[in-house]
Amino acid sequence: MNEAAVLKQIIERRRSIMPKEYSAAPIPDNILNEILSAADFAPNHKRTKPWRFKVYRGTAKNELGQVLAATYQQQTPPALFLEKKYLDISDKVNKSDTVLAVVINFSGLVPQWEEVAATAMAVQNIYLTCTANNVGCYWSTPEMKDHIGSFLQLEENQKCYGLFYMGMME
Ligand SMILES: Cc1cc2nc3c(=O)[nH]c(=O)nc-3n(C[C@H](O)[C@H](O)[C@H](O)COP(=O)(O)O)c2cc1C
């Protein structure tokens with residue numbers, strides 16, 4: 001297959017896949033590194049490279065799951081609280097091998113929307129590299145993302161734009 005045909009196939013095959021579909025197999029380190037370095041090739045104005053992907057695996061990932069679930073509980077009025085949703089939050093994290101926090105570092109050098117756009121392109125590079133390596137993944141943008149800044153250790157000019165779940169497919 002020529003390059004264009006391979007690219008077309010990967011683009012068309014890319015899907016959002018939920019953690020319940022992932023296998024328990026770990027993502028090999030070399031594949032994870034390839035996925036993360038693909039982000040760095042995204043176009044970005046004035047070379048600000050605004051994306052900051054914070055990588056959560058192992059114990060740090062467990063902590064993230066607990067923080068997300070606790071945040072949901074704190075932020076949800078008791079009348080709207082759903083036990084199933086609460087349990088699903090940490091379950092999704094547990095079933096993922098790796099979770100990325102999609103963070104944007106606003107440089108002030110270009111309009112903010114350009115740094116959001118550049119980061120979305122970096123996420124697409126990650127999505128496509130996951131697809132090519134049989135890694136399931138999806139970008140989730142729950143309300144909780146706006147309340148976990150201290151856990152993520154965000155700086156003043158940074159904002160979380162969601163969580164990116166990843167795990168090997170069978
Ligand atoms: C910026 C952005 C935010 C998203 N947030 C969510 C989300 O919060 N929950 C979710 O289930 N999917 C989310 N998605 C994934 C979309 O639901 C998914 O891309 C869409 O269903 C199309 O499926 P596909 O990716 O397999 O083509 C998001 C996608 C993008 C680009």
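**Helix placement, burial and long-range contacts in the predicted chain**

Ile11 lies in helix H1, and in this predicted model its relative accessible area of 43% places Ile11 among the partly exposed residues, because that class lies between the 20% and 50% limits. The C-alpha atom of Ile11 is separated by 24 Å from that of Pro26, a residue 15 positions away along the chain. Helix H1 also holds Val6, which counts as partly exposed at a relative accessibility of 34%. Between Val6 and Glu156, which are 150 residues apart along the chain, the C-alpha separation comes to 41 Å.

The secondary structure of the chain consists of six helices and four strands, and along the sequence these elements follow the pattern α-α-β-α-α-β-α-β-α-β. The C-alpha atoms fill a box of roughly 55 × 45 × 25 Å when the extents are taken along the principal axes. A compact globule of 170 residues would have a radius of gyration near 15 Å, and the value of 17 Å found for the chain agrees with that expectation. Of the 170 residues, 42% count as buried. Among contacts in the chain with a sequence separation of 6 or more, 79% are accounted for by residues 24 or more positions apart.

With respect to its surface, the chain exposes about 9,500 Å², of which carbon and sulfur atoms supply 54%. The chain carries 18 positive and 18 negative charges, and the mean positions of these two sets are 4 Å apart.

Helix H5 covers residues 112–132, and its 21 residues should span 30 Å at 1.5 Å a residue; the C-alpha atoms at its ends are 31 Å apart, which agrees with the expected value. The buried residues of H5 comprise Glu114, Glu115, Ala118, Thr119, Ala122, Val123, Ile126, Tyr127, Leu128, Thr129, Cys130 and Thr131. These buried residues pack against two helices, namely H1 (3–13) and H2 (29–39), and against the strands S1 (51–56), S2 (98–105), S3 (135–140) and S4 (158–168). Just after H5, Asn134 adopts a positive phi of about 60°, although Asn134 is not a glycine. Asn134 belongs to the loop between H5 and S3 and, with a relative accessibility of 37%, counts as partly exposed.

A positive phi is likewise found at Arg47, where the angle is about 50° although the residue is not a glycine. Arg47 is placed in the loop between H2 and S1, and its relative accessibility of 76% means that Arg47 counts as exposed, because the limit for that class is over 50%.

Two strand residues illustrate the buried class. Leu100, in strand S2, has a relative accessibility of 0% and therefore counts as buried. When residues up to four places away in sequence are left aside, Leu100 touches Leu36, Phe53, Lys54, Val55, Ile126, Gly162, Leu163, Phe164 and Met166. One of these partners, Ile126, is also listed among the buried residues of H5, whose packing partners include strand S2. Leu100 and Glu63 are 37 residues apart in sequence, and their C-alpha atoms lie 13 Å apart in space. Ser140, in strand S3, counts as buried as well, with a relative accessibility of 7%, a value under the 20% limit. The residues touched by Ser140, again not counting those up to four places away in sequence, are Lys92, Gly162, Leu163 and Tyr165. Gly162 and Leu163 thus appear in the contact lists of both Ser140 and Leu100.

Helix H3 (residues 58–75) contains Ala70, which is partly exposed with a relative accessible area of 28%. Ala70 and Met144 are 74 residues apart along the chain, and their C-alpha atoms are separated by 9.5 Å.

Technical notes:
Residues are numbered from 1 along each chain as its sequence is written. This is a predicted model: local features need pLDDT of at least 70, side-chain atom pairs count only at pLDDT 80 or more; totals for chains, interfaces and linings use all residues. Side-chain values use heavy atoms; hydrogens and water are left out. The radius of gyration is taken over C-alpha atoms; the globule rule is 2.2 Å times the number of residues to the power 0.38. Buried means under 20% relative accessible area, exposed over 50%, partly exposed in between (1.4 Å probe, protein chains only). Contact means heavy atoms within 4.5 Å. Accessible areas come from the Shrake-Rupley method with a 1.4 Å probe; for residues, only the protein chains shown count as cover. Lys and Arg count as positive and Asp and Glu as negative; His and the chain ends are not counted. The place of a charge is taken as NZ of Lys, CZ of Arg, CG of Asp or CD of Glu. The expected span of a helix is 1.5 Å times one less than its number of residues.
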